[in-house]
Amino acid sequence: MIEARHLRVLRAVAATGSFSAAGRELGCTQPAVSQQMKALEASVGTPLLIRSGREMRLTQAGEALVRHAAGILSGLTAAEEEVAAIAGLRAGRVRLVSFPSGSSTLVPTALAALRAAHPGTRVSLEEAEPPRSVELLREGDCDIALAFRYERVTGTGDAEQAGEGEWDDLVVRPLLTDRLVALVPERHRLARTGPSGSVAIGDLAAEPWIAGCPRCRGQLVQVCESAGFTPRIDFATDDYPAVVGLVGAGLGVAVLPQLAIESVRPRGARAVTLEPAVRREIVALTLPDLAQVPAVSATLEQLGRAAARIG
């Protein structure tokens with residue numbers, strides 16, 4: 001094993017021609033230089049210097065090692081500087097995966113604040129719904145995953161947290177609780193419900209439905225069945241603006257997270273409070289080792305601050 005400190009001593013000896021001169025250059029004693037040179041020769045298994053009286057010259061092996069030492073030491077210096085920059089948040093990269101409504105609400109505020117505080121940190125963004133986003137994290141294809149899970153609605157109308165244990169191997173940073181709202185055409189009979197009023201999910205039992213992403217679709221069916229009916233889903237799309245557009249055109253009703261409503265302009269549609277309350281927990285997930293990386297930790301912190309502003 002060749003140590004970098006031994007290479008630095010060898011270069012100094014080769015440049016100055018003596019142990020004593022090398023010691024003065026390196027700020028150490030002549031015996032210390034001699035000891036390190038002996039350790040280097042022992043590690044490579046061959047002499048590196050030929051000593052003749054006061055003269056000292058390199059062997060062929062010594063010349064080869066000095067020739068390579070320049071590149072090795074410069075590369076090591078560059079690596080040390082880069083690691084120091086990453087640790088000091090002067091550089092770094094974070095790969096973020098988010099679901100669409102998070103991308104349009106939480107992410108822009110968080111990343112703008114991160115760039116202002118640490119302009120050398122680069123963040124890439126891809127979109128994926130859970131559970132795919134969580135799979136990308138576990139597979140090493142991202143550093144942070146924004147995800148959500150719904151409360152489980154029981155037959156009595158009570159709610160409990162679904163998916164307990166599914167993130168036990170991850171670091172979970174809770175961000176906010178997002179309530180679902182009903183979305184109806186603005187001329188719908190229930191659109192006149194005031195800000196303090198609410199709509200029971202059962203009041204929409206006879207309506208045609210527009211459903212969202214697969215996980216949201218499953219939650220919709222569960223909520224409706226807990227109220228005693230199965231929704232007639234005429235349209236299904238992962239695109240929230242498309243859901244709003246279909247509702248606005250009078251083609252049905254929908255249930256969407258409040259965060260999704262905030263990310264689009266509901267033309268021709270009206271959001272009304274839904275009862276019983278159904279919520280989803282929005283979190284940022286990362287791996288335990290990644291949570292210690294300064295750039296990842298800083299991004300999690302800014303996501304938390306962005307969520308606090310919304311919440």
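In which helix does S133 lie? The answer is helix α6, which covers residues 132–138, and I will start there before moving through a few other parts of what is, I should say at once, a predicted model. S133 has a relative accessibility of 0%, so this serine counts as buried. Leaving aside residues up to four places away in sequence, S133 touches V97, A128, C142, A145, L146 and A147.

Before going further, a word about confidence. The chain averages a pLDDT of 88, and 94% of the residues score at least 70. If we compare the elements of the chain, strand β13, residues 279–286, has the highest mean pLDDT, at 96, while strand β6, residues 159–161, has the lowest, at 48. Over residues 156–160 the pLDDT is below 50, although in the model this stretch does have nine contacts beyond near neighbours in sequence.

Now to the aromatic residues, where the structure holds two aromatic pairs. In one of them, F99 and F148 meet edge-to-face, with 5.0 Å from centre to centre and 85° between the planes. F99 lies in the loop between β3 (92–98) and α5 (100–117), whereas F148 belongs to strand β5 (residues 144–153), so this pair ties together parts that are 49 residues apart in sequence. Are these two phenylalanines buried or exposed? Both F99 and F148 are buried, and for F148 the reason is a relative accessibility of 0%.

The other pair is formed by F148 and Y150, again edge-to-face, with the ring centres 5.7 Å apart and the planes at 80°. Y150 has a relative accessible area of 4%, so the tyrosine is buried as well. Ring pairs thus link F99, F148 and Y150 into a cluster. There is also a charge to consider at this place, since the charged end of R280 sits over the ring of F148, at 4.5 Å from the centre of that ring.

Another buried residue that I would like to show you is T299, which is found in helix α10, residues 294–310. T299 counts as buried because its relative accessibility is 0%. Once residues up to four places away in sequence are set aside, the residues that T299 touches are V94, L114 and I144.

Let me turn next to helix α3, residues 30–44. With 15 residues at 1.5 Å a residue, α3 should span 21 Å, and because its end C-alpha atoms are 21 Å apart, the model agrees with that expectation. The buried residues of this helix are V33, S34, Q36, M37, L40 and E41. They cover an arc of only 165° around the axis, which means that they are on the same side of α3. On the other side of the helix, P31, Q35, K38 and A42 are exposed. What covers the buried residues of α3? The cover includes α1 (4–16), α2 (19–26), β1 (49–52) and α4 (60–87).

Following the chain onward, we find that G45, just after α3, takes a positive phi of about 80°. P47 then has its place in the loop between α3 and β1. Apart from residues up to four places away in sequence, P47 touches E41, T59 and A61, and E41 is one of the buried residues of α3 that I listed a moment ago. P47 and Q60 are 13 residues apart along the chain, with 9.1 Å separating their C-alpha atoms.

E41 also gives us a long distance to set beside these contacts. From E41 to A242 there are 201 residues in sequence and 72 Å in space, C-alpha to C-alpha. A242 itself has its place in helix α8, residues 240–248, and with a relative accessibility of 26% it counts as partly exposed.

Finally, helix α7, residues 214–226, can be read in the way we read α3. Its 13 residues, at 1.5 Å each, should span 18 Å, and the end C-alpha atoms are indeed 18 Å apart, so the expected and modelled spans of α7 agree. Its buried residues are C216, Q219, L220, V223 and C224. Because they cover an arc of only 130° around the axis, these residues are on the same side of α7. Just after this helix, G228 takes a positive phi of about 100°.

Definitions and conventions. Residues numbered from 1 in each chain as written. Predicted model: local features only at pLDDT ≥ 70, side-chain atom pairs only at ≥ 80, totals over all residues. Heavy atoms only, no water. Phe/Tyr/Trp six-rings, centres within 6.5 Å; stacked < 30°, edge-to-face > 60°. Helix = DSSP H or I, 4+ residues; strand = E, 2+ residues; numbered from the N terminus. Buried < 20%, exposed > 50% of the residue type's maximum accessible area, 1.4 Å probe, protein only. Lys NZ or Arg CZ within 6 Å of the ring centre and 35° of its normal. Contact = heavy atoms within 4.5 Å. pLDDT = per-residue confidence, 0-100. Expected span 1.5 Å × (residues − 1). Arc of directions from axis to C-beta.
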